[in-house]
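Biologist: Could you take me through one part of this model closely, and then set that part beside the rest of what was computed?

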Amino acid sequence: MDTEQKLKQWQQAGLLEQETAERILEFEKHQPTPKKLPLLLMIGLVFLSLAIFSFVAANWQAIPDLAKVLLMLALMWLFYTIAQFSEKKAFGSPLLFRVIGLAMFGAALLTAAQTFHFPLANSVLPWAMFLATLAHYFYWRHLIYSFIGFFFGALVLLSFMPDIGWLEWIIFIAVAVAWFYFSKELAPVAFSWILLFASGFMLWGLVDYDSVLWPIWTLFVLVLLFLIVPETKQRIIRPLYLIAAGMLLVVYLAIRGQTFIALVDKSQLGEAIVLAIAGIGVLLLSFFKFRSLMWVAVPGVIGLLLFDETAIGLAVVAELSALAYLIIAQRQNESLGLGFVYFIVVQFVIYIIYAWERLDMSVFFLIGALLLFLLSAIAWWINRRKEGATP
Amino acid sequence: MKSWLFPILQTAVVVILLISYYAASWFGEQYVLRAEPYDPFDPFYGEYVLLQYPDLISTTVTDDDSVYFTLKKSTDGYAVIDRLETEPFFGAIEGSVFGGSVTAPQLEQFYVEQGLGPDLESTRNLQVTIDVSSWGTIRPVDLRERSE
């Protein structure tokens with residue numbers, strides 16, 4: 001027996017007393033041996049289920065409409081029942097059975113949609129799945145439900161287009177905020193935050209006023225979430241804000257630098273000024289309440305800088321913020337990974353915008369970029385060593 | 001015991017969904033629409049026939065994302081537009097107008113048995129039977145070749 005050998009080894013090495021080893025052996029003898037399903041029975045069950053499935057599939061057209069849906073519902077009940085028993089009798093994986101049960105609920109909805117000719121442009125199906133998955137998450141608190149919930153939340157958002165109503169949008173945001181507020185782990189918090197950020201993009205469909213700055217407005221509004229969460233959660237979500245702010249800067253820089261279409265018209269100058277003021281507001285709020293979030297105010301200048309057709313202003317802001325973030329993070333002994341990635345992306349975007357069509361200049365930029373990579377890699381390396389990481 | 005609430009509530013959702021569609025038949029009127037097919041297939045939902053309706057024509061509104069209309073039976077037995085507005089009113093079907101042709105999301109496509117799509121598509125003259133509830137929801141009942 002494996003345990004017996006191990007115990008003997010430990011005894012010989014002087015780690016265990018003879019008496020203790022005997023007591024452990026005695027205890028192990030009284031443990032119930034795990035029951036295993038015979039292999040042949042498992043193979044038989046696989047074949048049986050395959051046969052049932054192919055029989056149902058072959059006769060799918062002949063099954064009455066209502067029976068199809070009832071069949072799916074019966075399967076859903078079967079898996080939830082198995083899950084319940086597997087939890088009570090401690091066999092199999094109740095989680096897996098419940099996930100299959102949830103999938104069967106989706107299948108029942110899909111079957112109902114197909115057999116009863118529901119319209120495709122309808123958000124009832126994704127909504128039902130989204131809410132059901134969130135209910136599962138709040139009851140069992142398992143990571144997998146947050147993944148499924150995120151998937152169906154995104155589907156709900158997609159199903160909003162092209163006709164989106166204020167009521168549905170507000171309900172979605174309320175649900176996502178509740179999910180965000182009542183979760184503690186990284187995955188559900190991050191997923192609900194991403195859904196909230198993405199729902200800001202729906203403003204393009206909701207409001208008649210055609211602004212190019214909705215994502216930045218959304219990010220600024222999301223800063224308010226920082227006010228209602230405890231400090232432990234603030235630490236979890238801070239990178240999300242920084243990543244979003246960095247991505248916004250890079251995306252606007254790339255679009256402004258690469259496209260020659262009129263992104264903004266002169267009438268939107270007012271909005272750009274208001275956004276800049278809102279940016280100052282975010283800066284002040286974060287300065288007094290949570291200083292580590294001050295970087296999020298930087299995209300506030302994007303609105304004004306979009307009026308500059310050469311995009312040099314945006315490039316300077318992106319470059320300076322990247323350098324400043326790296327330097328400050330280095331000084332405060334924070335991890336540099338995120339800032340480093342942002343820095344590299346900014347270099348690439350600037351390189352593509354300004355040097356792509358000028359080959360002679362591109363050699364200069366290439367050498368410059370390589371030098372910068374080398375320098376920042378050295379800085380990163382030194383920082384890692386300083387933090388005590390072994391190479 | 002609380003965990004049993006999940007399958008129970010989920011069953012209730014499906015049942016409500018089904019009832020809402022059967023209700024169109026219980027508390028509604030049946031119409032037969034002249035229909036013509038175009039283009040089928042959706043990778044997720046399977047085979048279906050996309051339909052347009054030569055009788056559902058609007059002269060007042062030619063292009064609008066959301067219009068509201070009711071149907072009535074014409075003298076030849078096929079349904080035509082009874083009333084069409086740009087603002088919602090009770091009992092109206094929500095749809096859209098494109099180039100003067102009126103349609104509703106549920107009328108645009110009709111799922112058919114696997115393999116039937118191409119046949120129906122090649123048949124130009126089709127008819128669709130629908131039940132319309134008194135509050136404006138539609139339940140498509142049948143799609144077949146027109147006998148005229």
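Modeller: What follows is a close look at one sheet, and then a view of the other chain.

The model is a predicted one, and the part I would choose is the open sheet of chain B, in which four strands are arranged in the order 4-3-5-6 with antiparallel pairing. At the edges of this sheet lie strand 4 (79-85) and strand 6 (101-103) of chain B, each of which pairs on one side only. Averaged over the sheet, and with direction ignored, neighbouring strands are turned by 50° against each other. The edge strand 4 of chain B is held to strand 3 (residues 64-73) of chain B by six bridges, the two strands running antiparallel, and within this region K73(B) has A79(B), in strand 4 of chain B, as its bridge partner.

Chain A, by comparison, contains 18 helices and zero strands. Its radius of gyration is 29 Å, whereas a compact globule of 391 residues would have one near 21 Å, and its C-alpha trace spans about 75 × 70 × 45 Å along the principal axes. Of the 391 residues in chain A, 26% are buried.

One residue of chain A can be placed in more detail: F307(A) sits in the loop between helix 15 (302-305) and helix 16 (312-331) of chain A. F307(A) counts as partly exposed because 15 C-beta neighbours lie inside 10 Å, and its C-alpha atom is separated by 24 Å from that of M294(A), a residue 13 positions away along the chain.

Methods: Residues are numbered from 1 along each chain as its sequence is written. Chains are lettered from A and ligands numbered from 1 in the order in which they are written. This is a predicted model: local features need pLDDT of at least 70, side-chain atom pairs count only at pLDDT 80 or more; totals for chains, interfaces and linings use all residues. A residue is buried if 20 or more other C-beta atoms lie within 10 Å of its own, exposed if 12 or fewer, and partly exposed in between; C-beta atoms are placed from the backbone. Two strands pair if DSSP finds at least two bridges between them. Axes are lines fitted to C-alpha atoms, for helices over the stretch in contact, and angles run from 0 to 180 degrees between N-to-C directions. The radius of gyration is taken over C-alpha atoms; the globule rule is 2.2 Å times the number of residues to the power 0.38.
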